[in-house]
Amino acid sequence: MFNYANVTWTTGTSSDGNESGLGGIPAQVGFDASDGVNYYEVPGSQSDDIVNIDLRSNINTTGRWLFRIDLDEIQDNESPIFQSCKSPDAVYVTGGTNESRVVWDTDVVSAVDVVDGPVAASCSLVDGDSMKVPVTSNETFPLGVTTVECEAVDAAGNNATPCQFHVIVSGILFPFLGPDVRYLPKEDEETSGEVFFAFPFFFFGRNYSSFYVNTNGVISFGDELSSFQSDPLPLMLTPLIAVFMTDVDTTDFGLVLHRQLLRSSQNEMQFCEADETIREVFPEQSSFSASMLLVVTWYRVRPWYSDSLRNTFQAVLVTNGALSFAMFNYGQIQWTRSSRRSSGVSAQVL
């Protein structure tokens with residue numbers, strides 16, 4: 001049994017260690033039968049990483065290591081553990097598509113063993129049956145949420161506790177790319193500037209001829225609203241639609257984009273979806289037929305000063321020149337507030 005209470009250096013000066021006791025030829029930890037065949041090294045032995053041995057264990061007691069040493073080989077009784085087991089980014093497909101190929105990075109699922117180091121994980125679909133269907137990155141997944149379970153086994157046959165994550169293929173978003181798409185600058189607190197509607201758009205009884213798309217999850221009328229607003233509605237600033245009004249920053253990641261669609265044979269599918277949704281929700285509009293769609297999308301946007309969280313959401317403004325509707329589509333929401341300014345204020349939705 002090895003007990004490490006506090007390890008702050010690995011190398012003496014005679015082994016070329018520096019003033020901090022690191023570098024050079026670091027300390028070794030392990031066993032040697034002196035036959036040139038049977039020996040064992042604790043992971044990190046004779047490397048700079050061995051300074052962390054007091055923070056680790058092979059028996060789940062920090063700083064303590066236990067081995068059986070009477071056999072020909074040192075026994076490994078410790079199971080590997082999953083260091084990472086997280087859902088990859090959701091994939092968004094357009095209407096009429098019922099599946100998509102999904103690729104995830106190696107950091108989505110990874111396992112490590114105190115003896116073997118990194119251990120390969122094997123994953124399979126979870127469908128409630130006893131049979132498991134192997135699955136890897138870059139395979140096709142159906143529309144919806146698919147549960148994936150992963151296992152890991154070390155060289156000694158010890159099994160890690162299985163982990164699960166979800167693969168999401170969402171078809172809720174209207175198509176947001178095309179030759180007519182316009183992007184907001186990739187900055188903090190930006191705006192599209194004034195953009196004119198192709199058709200009259202009525203909002204709270206008033207006819208507007210133009211709009212502004214703002215980074216912070218807002219479509220405004222009459223004036224831009226690029227700065228983050230933490231006060232609750234009503235703001236008494238300018239008429240607005242708060243799709244997910246919060247502190248968005250696209251400087252390094254994420255997109256805010258918008259496009260206007262006029263009814264044509266090329267986009268009839270999107271107009272039919274809008275018409276059918278409105279007719280279903282508002283039965284009195286059984287003959288409604290849209291003339292214009294304004295599709296505004298915040299794609300994988302992050303909060304100010306965060307590298308990992310992402311939100312995807314969308315507003316579709318629908319009009320026939322007389323009646324107006326706003327449809328909100330939420331793909332994946334991982335955050336509600338940033339760490340800046342009024343960090344205690346969550347997103348607002350009108």
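1. In this predicted model, the largest pocket is lined by 20 residues, and those that lie nearest its centre are Lys86, Ser87, Pro88, Asp89 and Arg300. The space in this pocket comes to about 440 Å³, and its lining, sorted by class, comprises nine nonpolar, four polar and seven charged residues.

2. The second largest pocket, for its part, is lined by 15 residues, with Arg56, Ser57, Val112, Asp113 and Val114 the closest to its centre. Its volume is about 310 Å³, and the lining divides into five nonpolar, six polar and four charged residues. Two strands contribute to this lining, since β5 (81-85) and β8 (109-113) each supply at least two of its residues.

3. As for enclosed space, the structure holds one cavity of 30 Å³ or more, and the largest cavity contains about 40 Å³. Its lining consists of Asp89, Ala90, Tyr92, Arg300, Arg310, Asn311, Thr312, Gln332 and Gln334, which by class are two nonpolar, four polar and three charged residues. Asp89 and Arg300 deserve a second look, as both appear in this cavity lining and also among the residues nearest the centre of the largest pocket.

4. On annotation, an unreviewed UniProt entry places the feature "domain: NIDO" at residues 1-72 and 243-350. Over the segment 1-72, the chain is 0% helix and 14% strand, while the C-alpha atoms at its ends lie 18 Å apart.

Conventions:
Residues are numbered from 1 along each chain as its sequence is written. This is a predicted model: local features need pLDDT of at least 70, side-chain atom pairs count only at pLDDT 80 or more; totals for chains, interfaces and linings use all residues. Side-chain values use heavy atoms; hydrogens and water are left out. On a 1 Å grid over the protein atoms alone, a cavity is a set of points where a 1.4 Å probe fits but cannot get out, and a pocket is an open set with protein on both sides within 12 Å along at least five of seven lines; lining residues have an atom within 4 Å of a point. Grid points are joined across faces, edges and corners, and a volume is the space filled by probe spheres set on the points. Ala, Val, Leu, Ile, Met, Phe, Trp, Tyr, Cys and Pro count as nonpolar, Asp, Glu, Lys and Arg as charged, and the others, Gly among them, as polar. UniProt positions are given in the numbering used here, feature names are shortened, and annotations may be inferred rather than shown by experiment. Helices (H or I, at least four residues) and strands (E, at least two) are DSSP runs, numbered from the N terminus.
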